[in-house]
Amino acid sequence: STAAIGGALGTLLADSIKHGQLYVPSLVAAVPGHIVAFSVFGLFTSKKFSWRNFVEGTLASLLFGNFVTAFLYVWFVLGTPYIGLIIGLMAWWYVTMLPFALLFTPPIVKVIASAAKGYIREEVYSSSLSETRVSTFLALFFSGLIFLLVGVFMLLYPNSFSNLFSVGKFNLVKDVATQVTTWMFVASGSLLLVISLAVLSFTKNRKV
């Protein structure tokens with residue numbers, strides 16, 4: 001789709017400008033990841049738009065897009081798909097993108113859609129953002145809960161997860177890598193839970 005190609009090229013351009021040359025890892029990993037992400041998102045919103053579909057599409061696109069990007073990036077840069085690093089990168093990108101995608105994108109979309117009514121489907125600018133309240137809360141809450149549970153499980157059974165980092169170069173730092181990943185899951189899961197409760201509280205009885 002146009003959005004998928006535009007997002008992929010935009011990412012490649014931004015990374016290449018930042019590095020002062022064509023950034024091959026972005027071409028190999030980020031470009032396919034963005035194409036997958038936007039294509040998946042389109043499956044949820046292209047036929048019938050609703051804010052619930054938007055939230056569900058956001059979750060699915062971040063999961064699939066970040067997995068593809070992390071997998072290809074790790075394989076290209078390190079020469080082999082280290083499972084632990086792929087999971088860590090995918091989780092980190094997911095948790096840092098999700099709140100912004102769910103909290104800031106809908107208002108921006110609604111403003112742009114309202115300003116360009118002749119070019120945007122009516123349901124995009126006519127539907128109320130209050131429809132996102134419950135679905136956004138659930139997306140953030142259950143994402144946070146899953147992340148927190150994974151982190152707690154890693155705290156209780158660190159040896160089970162250290163094996164994910166016990167290959168190749170990571171043998172020397174597998175314990176540190178396991179601890180960093182563990183606390184990343186605990187901290188990010190807790191933060192998502194707090195944000196989800198804030199969304200539920202601050203958006204109560206608000207209609208936009």
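**A chain of nine helices**

The chain has 9 helices and 0 strands, and the model that shows them is a predicted one. Read from the N terminus on, the elements run α-α-α-α-α-α-α-α-α, and the C-alpha trace spans about 60 × 40 × 30 Å along its principal axes. Of the 208 residues of the chain, 38% count as buried. Among the contacts between residues at least 6 apart in sequence, 70% join residues that are at least 24 apart.

Packing between helices is the next topic. Two packed helices are described by the angle between their axes and by the distance between those axes. A convenient place to begin is the pair formed by helix H2, residues 24-45, and helix H3, whose axes come within 7 Å and cross at roughly 160°. Because an angle over 145 degrees counts as roughly antiparallel, H2 and H3 are roughly antiparallel to each other. Their crossing is right-handed, and the residues that make the contact of H2 with H3 divide into 18 nonpolar, 8 polar and 1 charged.

Tyr73, which is found in helix H3, gives a residue-level view of this part of the chain. Leaving aside neighbours within four places in sequence, Tyr73 is in contact with Tyr23, Pro25, Ala29 and Leu89. The C-alpha atoms of Tyr73 and Leu27 are 9.6 Å apart in space, although the two residues are 46 residues apart in sequence. Is Tyr73 buried, partly exposed or exposed? Its relative accessible area is 28%, and Tyr73 is therefore partly exposed, since the partly exposed class lies between the 20% limit for buried and the 50% limit for exposed.

From H3 the path leads on to H4, and these two helices pack at an angle of about 145°, with their axes 8 Å apart. H3 passes H4 in a right-handed crossing, and the residues of this contact divide into 21 nonpolar, 3 polar and no charged.

Helix H4, residues 83-103, also packs with helix H7, residues 132-156, at an angle of about 160° and with the axes 11 Å apart. That angle makes H4 roughly antiparallel to H7, and the crossing of H4 and H7 is left-handed. On the H4 side the contact is made by Ala91, Tyr94, Val95, Leu98, Pro99, Leu102 and Leu103, while H7 contributes Thr136, Ala139, Leu140, Ser143 and Phe147. By class, the contact of H4 with H7 has 10 nonpolar, 2 polar and no charged residues.

Leu102, found in helix H4, shows how this packing looks from a single side chain. Leaving aside neighbours within four places in sequence, Leu102 is in contact with Val55, Thr58, Thr136, Ala139 and Leu140. The C-alpha atoms of Leu102 and Thr58 are 7.6 Å apart in space, while the residues themselves are 44 residues apart in sequence. Leu102 has a relative accessibility of 3% and so counts as buried, the limit for that class being under 20%.

Helix H7 itself has 25 residues and reaches 36 Å from its first C-alpha to its last, which is close to the 36 Å expected at 1.5 Å a residue. In H7 the buried residues are Thr132, Ser135, Thr136, Phe137, Ala139, Leu140, Ser143, Gly144, Phe147, Gly151 and Met154. Against which helices do the buried residues of H7 pack? They pack against helix H3 (51-78), H4, helix H8 (158-162) and helix H9 (174-202).

Two further residues add to this picture, one in a loop and one in a helix. Ser130 has its place in the loop between helix H6 (122-126) and H7, and with a relative accessible area of 28% it is partly exposed. The C-alpha atoms of Ser130 and Trp51 are separated by 9.0 Å, whereas the residues are 79 residues apart along the chain. Ala198, for its part, lies in helix H9 and is partly exposed, with a relative accessible area of 25%. Ala198 and Leu59 are 139 residues apart along the chain, and 19 Å separates their C-alpha atoms.

Terms used:
Residues numbered from 1 in each chain as written. Predicted model: local features only at pLDDT ≥ 70, side-chain atom pairs only at ≥ 80, totals over all residues. Heavy atoms only, no water. Axes fitted to C-alpha atoms, helices over the stretch in contact; angles between N-to-C directions. Helix = DSSP H or I, 4+ residues; strand = E, 2+ residues; numbered from the N terminus. Parallel < 35°, antiparallel > 145°, perpendicular 65-115°, else oblique. Left-handed = near helix turned anticlockwise from the far one by under 90°. Contact = heavy atoms within 4.5 Å. Nonpolar A, V, L, I, M, F, W, Y, C, P; charged D, E, K, R; others polar. Expected span 1.5 Å × (residues − 1). Buried < 20%, exposed > 50% of the residue type's maximum accessible area, 1.4 Å probe, protein only.
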